[in-house]
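Here's a walk through one fold, from a pair of rings to the strands and the core. Have the model open beside you as you read.

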Amino acid sequence: MNRIDEIKSNLDNVGAKIAAAAIKAHRSPDEITLIVVTKTFPLSDLEILYSLGVREFGENRDQEASSKVGQLPSDINWHFQGQIQSNKLKSITNWANYIHSVDQLKYAQIISEQSRVQAKPIFIQVSLDHPPESRGGVDPAKLVQLASEITKLPGISLHGLMAVAPTDTAPGTAFANLKKIHTDFLASFPTAKSLSSGMSGDYEMAISYGATHLRIGSSILGNRQPIA
């Protein structure tokens, strides 16, 4: 099987599983955005994805992503979902259409300063780890306070919450916890309806707990390529 057929087969398979999981959860598949995580994969793979209709690409590294963005069509939505570094954030804000991993006010302030012309959609990353914040993300107990400060800033649109399932907790337990956090959060921030959760190993379960944005890489593109 050539690379085009391989990626198409995987993409079709994931799409079918997303649709089935959504219907099982009494949701419309149209509510769910598939972000194909393309970090470490060559430009040729992204060109194949584009030819197959994919327009939502996820990247974790500024230097790699900024190079790819300039070589691909402008109608792609680029999602930054990696750990934020302050010195990279000006560049990230320039190329990323969505930033998924904001967990500190200082990061939101930098994004705000760079986004005066058009509001930048962001997700606040919430920690599901024990103890909280051990792998990034804000402690759920501090979430509303952080969001309140962020929403005062110009140039930012609070799109929703993002989380990564912890390594030491069953995904179902983690996603149930995240759904409750998001439901409570919506009482104070009713427009922040999006929930970015679910990756290759757990996206079907994430859908059953309200995920609207799935970040899927290896199920579509295979094993990660080594970074030079």
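## Rings, strands and core

F185 is buried, with a relative accessible area of 1%, and F189 is buried too, at 11%; "buried" here is under 20% relative accessible area, against over 50% for exposed and partly exposed in between, with a 1.4 Å probe and protein chains only. One caveat up front: this is a predicted model, where local features need pLDDT of at least 70 and side-chain atom pairs count only at pLDDT 80 or more, while totals for chains, interfaces and linings use all residues. Residues are numbered from 1 along each chain as its sequence is written, and side-chain values use heavy atoms, with hydrogens and water left out.

The structure holds 3 aromatic pairs. Rings of Phe, Tyr and Trp (its six-membered ring) pair if their centres lie within 6.5 Å, and planes under 30 degrees apart count as stacked, over 60 as edge-to-face, the rest as tilted. Two of them, including the one we started with, look like this:

| Pair | Type | Centre to centre | Angle between planes |
|---|---|---|---|
| F57 and W78 | edge-to-face | 5.4 Å | 75° |
| F185 and F189 | stacked | 4.7 Å | 25° |

F57 and W78 are 21 residues apart, and their pair links distant parts of the chain: F57 belongs to strand β2, W78 to strand β3. Both F57 and W78 are buried.

Now for those strands. Helices (H or I, at least four residues) and strands (E, at least two) are DSSP runs, numbered from the N terminus, and two strands pair if DSSP finds at least two bridges between them. β2 (residues 56-59) runs parallel to β3 (residues 77-80) over 4 bridges, with E56 bridging to N77. β3 also pairs in the parallel sense with β4 (residues 98-102), over 2 bridges; there H79 stands opposite Y98.

How are the strands connected? Helix α3 (residues 62-69) joins β2 and β3 in a right-handed β-α-β unit, and helix α4 (residues 86-95) is part of another right-handed unit with β3 and β4. Right-handed means that, with the strands pointing away from the viewer, the path from the first strand over the helix to the second runs clockwise.

Last, the core. The largest nonpolar core (buried Ala, Val, Leu, Ile, Met, Phe, Trp, Tyr and Cys joined through side-chain atoms within 4.5 Å) has 60 residues, and I99, V102, I124 and I220 have the most contacts inside it. Helix α1 (residues 3-24) supplies the largest share, 6 residues.
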